[in-house]
Amino acid sequence: MADLVGGVGCSHVPAVGAAIDKGTTDDPYWAPYFAKVGPARRWMAEVAPDVCIVVYNDHASAFGLEVIPTFALGLADDFPPADEGYGPRPVPPVVGHPDLAWHLAESLILDEFDLTLVNEMPVDHGLTVPLSVMFGTPEAWPCRVVPLLVNVVQYPPPTGRRCYRLGQAIRRAVESFEGDERVVVMGTGGMSHQLQAQRAGLINVDFDLAFLDRLVADPEGAAAIPHVEYLREAGSEAIELVMWLVMRGALPAGVREVYRATHVPTSNTHNGLLVLEPT
Amino acid sequence: MPAPREYDDIPGTFVFDGRRSRRGYGLNKFLMSLNDPANRDAFRADEAGYLDGFRLDEAQREAVLDRDWLGLLEVGGNVYYTYKLAACDGMTFQDLAGRQTGMSRDEFARMMLAGGRSIDGNRRTGEAAGGKG
């Protein structure tokens, strides 16, 4: 039986990836943020998972508007970094775990989550920046990755509750996998940010901290937050936080908060980092 | 007319719903094509000619050629797609956001360093402004 050993929430800001790629993490702008990353990286290094299921959204890299899957699962042996319009990030290819991914596909679909299955796709900053945040700049990523995509670009994304229930189904699926893999689930994106139009630059730290408190202690309550509340209170792109609910759903009701850090600004975003373990 | 939505009163915000997606389909197809370096070269070499290969209306063509960053959203561009054009011009996401607010690059960066735009006064159109910046 595979073991779901932890959950990580992590923003996926392109500028954070650029700072890592360009080696500017010690610059005065970035140093305060990266100082907060250390404890999460050390936790990840100690836990040393065999696989990370990374819940993220594609940003017009693998999927355009032609086909818009609400949930999609990556089954491939590997996933190349995407050219998002400015050349691919200089990071290693992401190595998949087709055995676990196919098991997840079968389990989740028969558990009534109607996933789109993807055998070939590039992965963009939504997936690779959290890997860089958690693992730094290794020559090869130290674990395999199963990408789980959630549409949050074309309104409406799936509800928070649906994401939370999907996470619960992921836990059941992982626990029924005939392997001894240690699995971490990462929910990415958020926290408050608005990238567009006259209200761009919106940050709502109070909303974000209350969200984290609820996510940890009252996940059903957090799952009930309606879309309009994310949009209004935390910015149009903050709706990515529904992906953290997939991660939370994959953990049991009782969790230990191992680490929390937030930082503003990282580019236009209130950046969040959260590490949870099952109790 | 499509029914109003509960988020329509959020100021300065384009929620990319079906109304905007339908309006912007051809425009966003063009913008996503810039993921390919060969397409970026072709676009830079002959912007107007390159646009002929896509179904853009006149307002969308003008918004692209004029780099009307806020206007691109008004004619159906999604911000992530729009960023590909900005990146093609060497801009960062913060540059793009700043242009859309009408602030200078430095003003916008300073606002973010000071904690970002406050939610106070920015929840609803017509709300008494308390925290403009």
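Helices (H or I, at least four residues) and strands (E, at least two) are DSSP runs, numbered from the N terminus. With that in hand, Gly74(A) can be placed in strand E3 of chain A. The structure is a predicted model, in which local features need pLDDT of at least 70 and side-chain atom pairs count only at pLDDT 80 or more, while totals for chains, interfaces and linings use all residues. Residues are numbered from 1 along each chain as its sequence is written, and chains are lettered from A and ligands numbered from 1 in the order in which they are written.

Is Gly74(A) buried or exposed? A residue is called buried if 20 or more other C-beta atoms lie within 10 Å of its own, exposed if 12 or fewer, and partly exposed in between, with C-beta atoms placed from the backbone. Gly74(A) has 26 C-beta neighbours inside 10 Å, so it counts as buried. Two residues are in contact if their C-beta atoms, placed from the backbone, lie within 7 Å. Leaving aside residues up to four places away in sequence, Gly74(A) touches Phe79(A), Gly96(A), Ala101(A), Val118(A), Met121(A), Val146(A) and Pro147(A). Leu202(A), by contrast, lies 128 residues from Gly74(A) along the chain, and 33 Å separates their C-alpha atoms.

Two of those contacts lead to strand E7 of chain A, where Val146(A) and Pro147(A) are found. Strand E7 covers residues 144-150 of chain A, and it is largely enclosed by the rest of the structure because seven of its seven residues are buried. From E7(A), Arg144(A), Val146(A), Leu148(A) and Val150(A) point one way, while Val145(A), Pro147(A) and Leu149(A) point the other way. Which strands pair with E7(A)? Two strands pair if DSSP finds at least two bridges between them. Strand E2 (residues 51-56) of chain A pairs with E7(A) in the parallel sense over six bridges, and here Cys52(A) stands opposite Val145(A). Strand E3 (residues 71-74) of chain A runs antiparallel to E7(A) and is joined to it by three bridges; Phe71(A) has Val150(A) as its bridge partner.

A nonpolar core is a set of buried Ala, Val, Leu, Ile, Met, Phe, Trp, Tyr and Cys residues joined through C-beta atoms within 7 Å. The largest one has 121 residues, and those with the most contacts inside it are Ile53(A), Val55(A), Val185(A) and Met243(A). This core also draws at least three residues from each of domain 1 (18-91) and domain 2 (92-124) of chain B, with domain bounds coming from an automatic or database domain assignment. Among the core residues named above, Val185(A) touches Leu4(A), Gly7(A), Ile53(A), Val55(A), Ile170(A), Met247(A) and Ala250(A), not counting residues up to four places away in sequence.

Chain B comes next, with nine helices and zero strands. Its C-alpha atoms fill a box of roughly 45 × 40 × 20 Å along the principal axes. Of its 133 residues, 38% count as buried. Among contacts in chain B with a separation of 6 or more, 48% come from residues 24 or more positions apart. The C-alpha centres of domain 1 and domain 2 of chain B lie 23 Å apart, and five residues of domain 1 are in contact with six residues of domain 2. On the domain 1 side, helix H6 (69-74) and helix H7 (79-88) of chain B each give two or more residues.

How many residues does each chain bring to the contact between chain A and chain B? Chain B gives 43 residues and chain A gives 34 residues. On the chain B side, two or more residues come from each of helix H2 (25-33), H6, H7, helix H8 (93-101) and helix H9 (105-113). H7(B) gives the most, with six residues. This side of chain B has 24 nonpolar, 13 polar and six charged residues, where Ala, Val, Leu, Ile, Met, Phe, Trp, Tyr, Cys and Pro count as nonpolar, Asp, Glu, Lys and Arg as charged, and the others, Gly among them, as polar.

H7(B) is also mostly covered, as nine of its ten residues are buried. These buried residues pack against H2, helix H5 (58-65), H6 and H8 of chain B. After H7(B) comes Gly90(B), with a positive phi near 85°. Further along, Gly121(B) sits in the segment after H9 of chain B; Gly121(B) is partly exposed because it has 15 other C-beta atoms within 10 Å.
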